[in-house]
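Q: I've got a model open and would like to learn how to read its features one at a time. Could you walk me through it?

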2 protein chains.
Amino acid sequence: MTEKTTPTLPRRLGEISHWDMETDVAVVGFGGAGGCAAIEAADAGAEVIIFELAGGAGGSTALSSAEIYMGGSGGTRVQRASGFEDSTEAMFTYMMMCAGSLADEAKIRNYCENSAGHFDWLVSLGVPFKDSFHKERAMMCLTDDGLLYTGSENAWPFNDAATPAPRGHNLYVEGDNGGPLFMKIVGENVERRDTISVHYNTRALTLVADEHNRVHGLVVRIDQREVTVRTHGGVVLCAGGFVMNEDMVRKYAPRLTAGSYPLGNPGDTGSGILMGMGVGAAAINMQEGFITLPYYPPASITYGLVINDKAQRIINEDVYHSRLGDAILKDNAERHYFVLTVEQYGDYENASWMGAEVAATGESVEELETELELPEGSLVATLEQYNHFAERGEDPFFHKSPHWLQVMEPPLVALDVTPGRGSYWPYFTLGGLDTLPSGEVVDPLHSVIPGLYAAGRTACGVVRSAEGYSSGMSIGDATFSGRLAGRSAAQRALNENDSTHAA
Amino acid sequence: MTEKTTPTLPRRLGEISHWDMETDVAVVGFGGAGGCAAIEAADAGAEVIIFELAGGAGGSTALSSAEIYMGGSGGTRVQRASGFEDSTEAMFTYMMMCAGSLADEAKIRNYCENSAGHFDWLVSLGVPFKDSFHKERAMMCLTDDGLLYTGSENAWPFNDAATPAPRGHNLYVEGDNGGPLFMKIVGENVERRDTISVHYNTRALTLVADEHNRVHGLVVRIDQREVTVRTHGGVVLCAGGFVMNEDMVRKYAPRLTAGSYPLGNPGDTGSGILMGMGVGAAAINMQEGFITLPYYPPASITYGLVINDKAQRIINEDVYHSRLGDAILKDNAERHYFVLTVEQYGDYENASWMGAEVAATGESVEELETELELPEGSLVATLEQYNHFAERGEDPFFHKSPHWLQVMEPPLVALDVTPGRGSYWPYFTLGGLDTLPSGEVVDPLHSVIPGLYAAGRTACGVVRSAEGYSSGMSIGDATFSGRLAGRSAAQRALNENDSTHAA
């Protein structure tokens, strides 16, 4: 089947003969963003209906580790208890560097100033965080510790510019079970609120808009029947990204086709983005995505060296895994390897998610070089230089932290980390509808489209590239932006209702 | 002064009380694109008015070398006379590789199939090309030869995928005087046609559009007075790119801020693009631009090596100059040098446009390494490896052609080619309005905006990045796309006029 890649045109207001349902705020999608949007809208005094394609709540949030990137304002409760005072400025500097030239400064500023408050809000919902710090370098926290480093905060050049602090908050639960727990708590909060109703197994088909593309509601399909829904405040699109829509990925984000595994739920088909585009919304950053080589655990892989088919290193190997993956994808070479000593290789086979196969081993550097068909002398030279400085605790080439420097002595192992040759490259999209920090969707002129809101991966949020990603930025952004969008839509409904009463 | 970066909203049709002028086709901008649009529209039977901001014709085409990238169909007259049979498929393969994932396949296909015909059309206007081939590697042709290699056709990986052919056509004139001659000939052709009139010193202010954003004309300013112009066929925007609009460059194409010198004419302020966006047109590829380190002449620099601050090479140095420049900009390093032997350095001081200063010299490799503050042993290793293979005529690292391989022996010179440290980095923009091959402007839904056309750098054409640029692609694209847009607008006027008569 060819997936849809073209904008979904709205149903025109004039074509709607009657409304089957009426509400203040309609939320499309019941993942982390949609759930938080509904709760916040309800708590602001609005009536809310959530429409969810699947048979239950969850979305991609439930499939994730639910790490949540939060900090600033002197630190969250967990940060402070763990001995980290985190300044808003340090967090802002880090996140601005992460987003680089793609940054939305207003959105990042708002996020950093209010993310410690967001932590408190999550706690008020009942989301549990243990006041403990997980010291190991990990892709995700498999203990119940509440806090860990989940980005490149300790790596060059970030550690030069901003005081590092761990900001990845992990739910108080053993194993990789944060996502299901998080959505269970969000679901209970939704259930507890009488002013929120939920329709599962319901597909949002189109928005309803007038000739000026103001949004008045939407059409959904319930039990094979089209149902028209009028909204006083607005429609909040929280329908995920487009990673499951292969055609859309090829069209908008072709570099992600290097990936091996789309991360998301089956509903991540871009339907929300296409509905927004159909009423003139701007879709931005569509070319970017998270794409990564999850090379730790074991953390010992970090001691190794990533080289290309010229035996050149390409980056400091102590960065966040998607920053290293991004460097591989951007490097002007056709093959890449992770070169490791036997000790560094360690329990790779049992501990790793990376899936990279052993390309060659060598009792000497020369042997490994030959086995990998690298130019004669190239790997010998690279390792000689690396070792020369590693012995002194220095990396004048890529500024890898002394903590991760070790002299590389044979026997050596090389893992093939070339995309497409067996290693695991999960990916998802980072483009979406352009929104104001309020969650209001805008058109290419940056004018607000009245009645339309978006959050989570349907919108383009604070995180914009694999190069600058940190774990927890997606769930952090989704839940935070969901709340803002829900509140804005509720406020519009209340204003609207007031003026109706006054009239 | 802060330059305008927001779309220019149209004047609404209802606000126009009377029309001061009326024509079939209005062309905004009298450079290569606008001139060719006007000629083609007139020859199709339409009345045309050109509005030009400056006091005379020229635009950025007159400031350029006016190399024109043409070939395919078995070769142009000059290609065949010079012994090159150029197939459409080879040209198509090359241009598709150049554009990479940014390619507009339909546009490139159309260009390659019709560019030999475009050559004949230019000859019919009186544009002179000598049937001779210029053998040297040059940034531009300073002789009157008609043909030269102006891209990366002979360099890896292009030479592996497509039979190389020179496609840069140079006007029959000594020195770098192609641009003025080309625009003189275009100007004479415009003058010769009674159905074209030209208004100089005239600023196009806004489009005139109805509520559905159909374009009905434009408002221009002549002698401090606003003049309304009705168009039966359409408005053709040929107003150049936005390289002279610093704010717009910062907003849309921040990587170009690494450049040192904007290439263009003062009118390249993005005004045409902003007018198009104001009626809902899609602006695409806005992040991309041509940005380059013009490192040859002298051609001998090509024998040298570009290294970064880790003494790593980054690319085969025999590519087109903007492909090498792009590699420097994308490389994960803070400094870059061109390392040369004294012979390769040759008459650099007299012949070069690059402007890079000597960073260091060395009687030995070690001395140069120390002077450049490269990690100890790094440059020694890089040169040892390079020389080892260069001796055998091989470059297993970056596949530089054997033609450009030389053993590098001290004394050595290093030029500092780090952007921002003295070297010359000209740049211009490569984003613009999205158009069909016909020149019709489309909105983000890919629907045609009736009555609006664009060509040249106001549109986004066949050339999309510095990485895949070749000299002559801009003037080739501008003149070719101008013709198509002019013809389409004329055809719409004739259809319109016919139906008016019939009614």
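What follows is a short dialogue on how the chains, domains, helices and backbone can be read.

A: Sure. Keep in mind throughout that this is a predicted model.

Q: Let's begin with the two chains. What rotation superposes chain A on chain B?
A: Look for an angle and a shift along the axis. Here the rotation is 180 degrees, the shift along its axis is 0.0 Å, and the RMSD is 0.0 Å. That is why we can call it the relation of a two-fold axis. If you want a landmark in chain A, go to Ala381(A): its C-alpha is the nearest to the axis, at 3.0 Å.

Q: How many residues does each chain put into the contact?
A: Chain A gives 23 residues and chain B gives 23 residues. On the chain A side, helix H10 (321-330) and helix H14 (378-390) each supply at least two of them. H14(A) gives the most, with five residues. By class, the side of chain A that touches chain B has 13 nonpolar, seven polar and three charged residues.

Q: Why can we say that the copies meet through the same surface?
A: Compare the two lists of interface residues. In this model, 100% of the interface residues of chain A are also interface residues in chain B, so the surface is the same on both copies.

Q: Now inside one chain. Which domains does the assignment give for chain A?
A: A domain may be listed in several segments, so read the ranges with care. Domain 1 covers 1-61 + 197-290 + 429-503, domain 2 covers 66-175, and domain 3 covers 299-416. The C-alpha centres of domain 1 and domain 3 of chain A are 43 Å apart. Their contact takes seven residues from domain 1 and six residues from domain 3. On the domain 1 side, that makes four nonpolar, one polar and two charged residues.

Q: How about helix pairs? At what angle do H1(B) and H7(B) cross?
A: Check the distance between the axes, then the angle, then the handedness. The axes of H1 (residues 32-43) and H7 (residues 178-191) of chain B come within 10 Å and cross at roughly 30 degrees. The two helices are therefore roughly parallel to each other, and their crossing is left-handed. Among the residues that meet are Cys36(B) and Ile39(B) in H1(B), with Phe182(B) and Val186(B) in H7(B). The contact has six nonpolar, four polar and no charged residues.

Q: What is the handedness of the crossing of H4(A) and H5(A)?
A: That crossing is right-handed. The axes of H4 (residues 88-99) and H5 (residues 105-125) of chain A come within 9 Å and cross at roughly 145 degrees. H4(A) brings residues including Met91(A), Phe92(A) and Met95(A), while H5(A) brings residues including Ile108(A), Arg109(A) and Cys112(A). Count the classes in this contact and you get seven nonpolar, one polar and three charged.

Q: Last topic, the backbone. What should I expect there?
A: Most residues other than glycine have a negative phi, and most peptide bonds are trans. So you scan for the exceptions.

Q: Which peptide bond in chain A is cis?
A: One is the bond from Pro297(A) to Pro298(A), with omega near -5 degrees. Pro298(A) sits in the loop between strand E13 (289-291) and strand E14 (305-308) of chain A. In chain B, the bond from Pro297(B) to Pro298(B) is cis too, with omega near -5 degrees.

Q: And what is the phi of Asp223(A)?
A: Asp223(A) isn't a glycine, yet its phi is positive, at about 50 degrees. You'll find Asp223(A) in the loop between strand E9 (215-222) and strand E10 (225-237) of chain A.

Definitions and conventions. Residues numbered from 1 in each chain as written. Chains lettered and ligands numbered in written order. Predicted model: local features only at pLDDT ≥ 70, side-chain atom pairs only at ≥ 80, totals over all residues. Least-squares fit on C-alpha atoms with pLDDT ≥ 70 in both. Contact = placed C-beta atoms within 7 Å. Helix = DSSP H or I, 4+ residues; strand = E, 2+ residues; numbered from the N terminus. Nonpolar A, V, L, I, M, F, W, Y, C, P; charged D, E, K, R; others polar. Axes fitted to C-alpha atoms, helices over the stretch in contact; angles between N-to-C directions. Parallel < 35°, antiparallel > 145°, perpendicular 65-115°, else oblique. Left-handed = near helix turned anticlockwise from the far one by under 90°. Domains from an automatic or database assignment.
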